[in-house]
Amino acid sequence: MKNIIATGVAAAAISLSMNANASPLTFIDYTMGNIDYDSGADDGDYSAFTVSIDTLVIPLISIESIDFNDADILKFGIGASAGIGRASQIYGLVHYNDYDDEDSDFSFRVGLNSSLTDRVEARLSYTMYSDQDYFDNTKLSLGYYFTQNFSLAGNYQIADDYNILSATARLSF
């Protein structure tokens with residue numbers, strides 16, 4: 001089922017991205033990957049669907065649905081961003097996290113997006129959870145824009161007890 005969703009997202013992204021103008025933090029993306037546990041436990045699956053909107057009223061709104069090895073997390077967030085020079089942007093988000101099997105909590109994310117060339121973008125972020133320290137992580141991504149609005153990225157996410165290797169398809173608006 002995940003392969004069908006990923007194929008649909010990729011096809012829609014390519015077809016919709018041909019004529020749109022991108023805003024760096026207004027996007028829809030889908031991520032699929034593999035969790036590698038340091039403790040020797042069996043590897044798990046990871047997927048995330050994210051919608052981020054840069055608005056005039058609230059600078060940044062984010063909604064994420066994460067499947068972390070069959071544990072579901074739904075995140076609602078607000079934040080702000082600021083440009084650094086012509087090619088970089090720093091941002092911060094506060095998320096309310098709703099877990100399917102745990103009490104809810106908050107997370108805080110800071111990140112930096114930087115265009116290395118007109119088609120290559122590096123993304124670095126750090127996310128800290130208020131109650132679920134297990135999920136605290138640092139993520140590094142390198143994305144390639146096939147069109148002005150459609151990119152594919154390779155991601156490496158590291159935490160104390162696990163790391164995630166994943167790929168992301170992103171449609172920017």
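Here are two short exercises on a predicted model, each with a worked solution.

**Exercise 1.** Find which strands pair with β8, and describe how the side chains of β8 are arranged.

*Solution.*
Step 1. Start with the range: β8 covers residues 137-145.

Step 2. Look at one neighbour, β7 (residues 120-129), which pairs with β8 in the antiparallel sense over 8 bridges. As a checkpoint, R123 has S141 of β8 as its bridge partner.

Step 3. Now turn to β9 (residues 150-158): β8 and β9 are also antiparallel, over 8 bridges. Here Y144 is bridged to L152 in β9. The two strands make a hairpin, with 4 residues between them.

Step 4. Follow the side chains along β8, and you will see them alternate. N137, K139, S141, G143 and Y145 point to one face and are buried. T138, L140, L142 and Y144 point to the other face and are not buried.

**Exercise 2.** Locate the nonpolar patch on the surface, work out which strand gives the most to it, and explain why I63 counts as partly exposed.

*Solution.*
Step 1. Collect the members: I63, L74, F76, V94, Y96, F106, F108, V110, Y126 and M128. Together they have about 850 Å² of accessible area.

Step 2. Assign them to strands. β4 (71-84), β5 (88-99), β6 (105-115) and β7 each supply at least two residues. The most comes from β6, with 3 residues.

Step 3. Place I63, which sits in strand β3 (residues 60-68).

Step 4. Partly exposed lies between the cut-offs of 20% and 50% relative accessible area. I63 is therefore partly exposed, because its relative accessible area is 37%.

Terms used
Residues are numbered from 1 along each chain as its sequence is written. This is a predicted model: local features need pLDDT of at least 70, side-chain atom pairs count only at pLDDT 80 or more; totals for chains, interfaces and linings use all residues. Side-chain values use heavy atoms; hydrogens and water are left out. Buried means under 20% relative accessible area, exposed over 50%, partly exposed in between (1.4 Å probe, protein chains only). Two strands pair if DSSP finds at least two bridges between them. Patches are made of residues with over 30% relative accessible area and no salt bridge: like charges are joined within 9 Å, nonpolar side chains (Val, Leu, Ile, Met, Phe, Trp, Tyr) within 5 Å. Accessible areas come from the Shrake-Rupley method with a 1.4 Å probe; for residues, only the protein chains shown count as cover. A salt bridge is a side-chain nitrogen of Lys or Arg within 4 Å of a carboxyl oxygen of Asp or Glu.
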